[in-house]
Amino acid sequence: MKVLISADMEGTCGVVSWVRVMPPEGTAGEPTSQTEYERARLRMTREVNAAIEGALAGGAEEVIVNDSHDGMRNLIPEELHPACRFISGNDKLLGMMQGADLAGVGAVFYTGYHARAGTPAAPLAHTWTDWLNDVRFDGMSTGEFGINAAIAGHYGVPVTLVTGDDKAVAQTREFLGDQIVGVAVKEGISTFAALHLHPARAIALIRDGAYQAVAAAALASPYILDSGATVELDFDHQARADQAVLCPGVERAGERTVAFRPGDGLQLCRTFRAVMKLAGIRMSP
Ligand SMILES: [Zn+2]
């Protein structure tokens, strides 16, 4: 069995600030700190390496890492575990789940994941961007962990590991089931504060969790989006919904809400990402 690691960054131990996760060419228009970002990407890479080590010790035949944060060029190639192959760059159909369609992939691991938009006491909690207030599958609120699980599920691949802050772990397990191994590397205090483990301790726990998560794949079920499921997106502004309905199949469902029925996880990926492109307009001249 091969393992795909979807490596996000906000849930990395020690990270509580956007400046730590925005590369200098970041898209948010925020000032960035080269030093803080460089430290955080090294810690992110080390946490991914711990997951690779655990996966290989647990019997995975190969580990493929998909850089899943921002421009998706955060992992430091020469610092990565030499046994892995890795995907970098942003132009990829499956986004954070690129690689789930590769032959032999039997489990997805989430590393560095964060809680869904609106979650209190959860560092850098958001869903995709800072202007999407909620995502619901048939009325159930979810985050990136749910969207990505549905994409992986389309290819029959279950998620079996999540590492990140305590709320990210709890929400992922609540949404996808207790069979998912969870490793909390920090306890959220607020959006920009957390009580962290020492990074070395976080790495040791991630290695152990990844080891267990290989075995968990034998019992885990992929998350299959119901073929009739309604997906709703709440934006922060009605103008975004005006744009989103230009996407075929997407209807207005409220002042700042749109809805669509993707039918399966791949169509969810296509429509969601198209809507997010359309709705990502500048709100002021
Ligand atoms: Zn991210």
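UniProt positions are given in the numbering used here, and annotations may be inferred rather than shown by experiment. With that in mind, turn to the model, which is predicted. The UniProt annotation "binding site", from an unreviewed entry, covers Asp 8, His 69, His 114 and Glu 144. These residues are spread over 137 residues of sequence, yet they cluster in space. The largest C-alpha distance among them is 11.4 Å. UniProt also lists Asp 8 and Glu 10 under "binding site", again from an unreviewed entry.

Start with Asp 8. It sits in the loop between strand S1 (2-7) and helix H1 (34-57). Is Asp 8 buried or exposed? A residue is buried if 20 or more other C-beta atoms lie within 10 Å of its own. Asp 8 has 28 such atoms, so it is buried. Its contacts, leaving aside neighbours within four places in sequence, are Ser 68, His 69, Thr 111, Gly 112, Tyr 113 and His 114. Two of these names, His 69 and His 114, also appear in the annotation.

Glu 10 belongs to the loop between S1 and H1 as well. Glu 10 counts as buried because it has 27 C-beta neighbours inside 10 Å. Beyond residues up to four places away in sequence, Glu 10 touches Val 15, Val 21, Gly 112, His 114, Pro 123 and Leu 124. Gly 112 and His 114 are also among the contacts of Asp 8.

Now move to Glu 144. This residue lies in helix H2, which spans residues 144-154. Glu 144 is buried because 25 other C-beta atoms lie within 10 Å. What does Glu 144 touch, not counting residues up to four places away in sequence? The residues are Met 96, Tyr 113, Thr 127 and Trp 128. Tyr 113 is also in contact with Asp 8.

Helix H3 comes next. It runs over residues 166-176, and its buried residues are Asp 166, Lys 167, Ala 168, Val 169, Gln 171, Thr 172 and Leu 176. Several elements cover them, including strand S4 (105-113), H2, strand S7 (159-165) and strand S8 (181-190). After H3 comes Gly 177, with a positive phi near 115°.

Thr 172 is a good place to look inside H3. With 28 other C-beta atoms within 10 Å, Thr 172 is therefore buried. Which residues does Thr 172 touch, not counting those up to four places away in sequence? They are Tyr 110, Tyr 113, Phe 145, Val 162, Ile 180 and Gly 182. Tyr 113 appears here again, having been listed for Glu 144. Ala 193 makes a useful reference point: Thr 172 and Ala 193 are 21 residues apart in sequence and 21 Å apart in space, C-alpha to C-alpha.

Finally, step back to the domains. The protein is divided into domain 1 (2-126 + 143-216) and domain 2 (231-279). Their C-alpha centres lie 26 Å apart. How many residues of each domain are in contact with the other? For domain 1 the count is 7, and they meet 7 residues of domain 2. On the side of domain 1 that touches domain 2, the residues divide into 4 nonpolar, 3 polar and no charged.

Technical notes. Residues are numbered from 1 along each chain as its sequence is written. This is a predicted model: local features need pLDDT of at least 70, side-chain atom pairs count only at pLDDT 80 or more; totals for chains, interfaces and linings use all residues. Helices (H or I, at least four residues) and strands (E, at least two) are DSSP runs, numbered from the N terminus. A residue is buried if 20 or more other C-beta atoms lie within 10 Å of its own, exposed if 12 or fewer, and partly exposed in between; C-beta atoms are placed from the backbone. Two residues are in contact if their C-beta atoms, placed from the backbone, lie within 7 Å. Domain bounds come from an automatic or database domain assignment. Ala, Val, Leu, Ile, Met, Phe, Trp, Tyr, Cys and Pro count as nonpolar, Asp, Glu, Lys and Arg as charged, and the others, Gly among them, as polar.
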